[in-house]
Amino acid sequence: MIPKAVQLVLESPNDETIDALLETEQLVWVDWRASPGDVVAELRESLTELAVLAAVAGPGPHQSIVQANAQLVPAHEIRLCKDSAGADTLAFLVLSGPDWRSLESRFGVAGVGERFYRVQASPDLYEDQLPF
């Protein structure tokens, strides 16, 4: 299910809708010091009961998120909430694959990409300069 705050920020990005997005309970907040076990525990709370997430062995939170995302795709996908970038603790949104496709159909791939960044092996979301 797509959180209302996600739809509102994509429809009309402004300080109010961005704040509402960052306050939504569906975001998963991961600190730069989080262990792989902590990352998995946080992500499991946001997944539907049908999704299975095994342990990951990444040496840091970025690698753990990349490994977890690889397990979930295509049924689910983890994306960085760009509005949290630049902090020690980053916000991630886990949606089903069909929900991401629905948002991209409605707001365009670029429109969704303005707010949500696809997690990749590089750049490291905590250590590297991000391309946005």
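## A tour of helix α1 and its two partners

The crossing of α1 and α2 is left-handed. This is a predicted model, and the tour begins at that crossing.

Select residues 4–11 for helix α1 and residues 15–23 for helix α2. Their axes come within 9 Å and cross at roughly 155 degrees. Angles over 145 degrees count as roughly antiparallel, so α1 is roughly antiparallel to α2.

Next, show the side chains where these two helices touch. On α1, pick Ala5, Val6, Leu8 and Val9. On α2, pick Thr17, Ile18, Ala20 and Leu21. Colour the selection by class: the contact of α1 with α2 has seven nonpolar residues, one polar residue and no charged ones.

Keep α1 in view and add residues 97–107, which form helix α5. How close do the axes of α1 and α5 come, and at what angle do they cross? They come within 11 Å and cross at roughly 25 degrees. Angles under 35 degrees count as roughly parallel, so α1 is roughly parallel to α5. Here the crossing is right-handed.

Now select the residues that make this second contact. From α1, take Val6, Gln7, Leu10 and Glu11; from α5, take Leu103, Arg106 and Phe107. By class, the contact of α1 with α5 divides into four nonpolar residues, one polar and two charged.

To finish, select Val6 alone. Val6 of α1 takes part in the contact with α2 and also in the contact with α5.

How values were computed
Residues are numbered from 1 along each chain as its sequence is written. This is a predicted model: local features need pLDDT of at least 70, side-chain atom pairs count only at pLDDT 80 or more; totals for chains, interfaces and linings use all residues. Side-chain values use heavy atoms; hydrogens and water are left out. Axes are lines fitted to C-alpha atoms, for helices over the stretch in contact, and angles run from 0 to 180 degrees between N-to-C directions. Helices (H or I, at least four residues) and strands (E, at least two) are DSSP runs, numbered from the N terminus. Angles under 35 degrees count as roughly parallel, over 145 as roughly antiparallel, 65 to 115 as roughly perpendicular and the rest as oblique. A crossing is left-handed if the near helix is turned anticlockwise from the far one by less than a right angle, and right-handed if clockwise. Contact means heavy atoms within 4.5 Å. Ala, Val, Leu, Ile, Met, Phe, Trp, Tyr, Cys and Pro count as nonpolar, Asp, Glu, Lys and Arg as charged, and the others, Gly among them, as polar.
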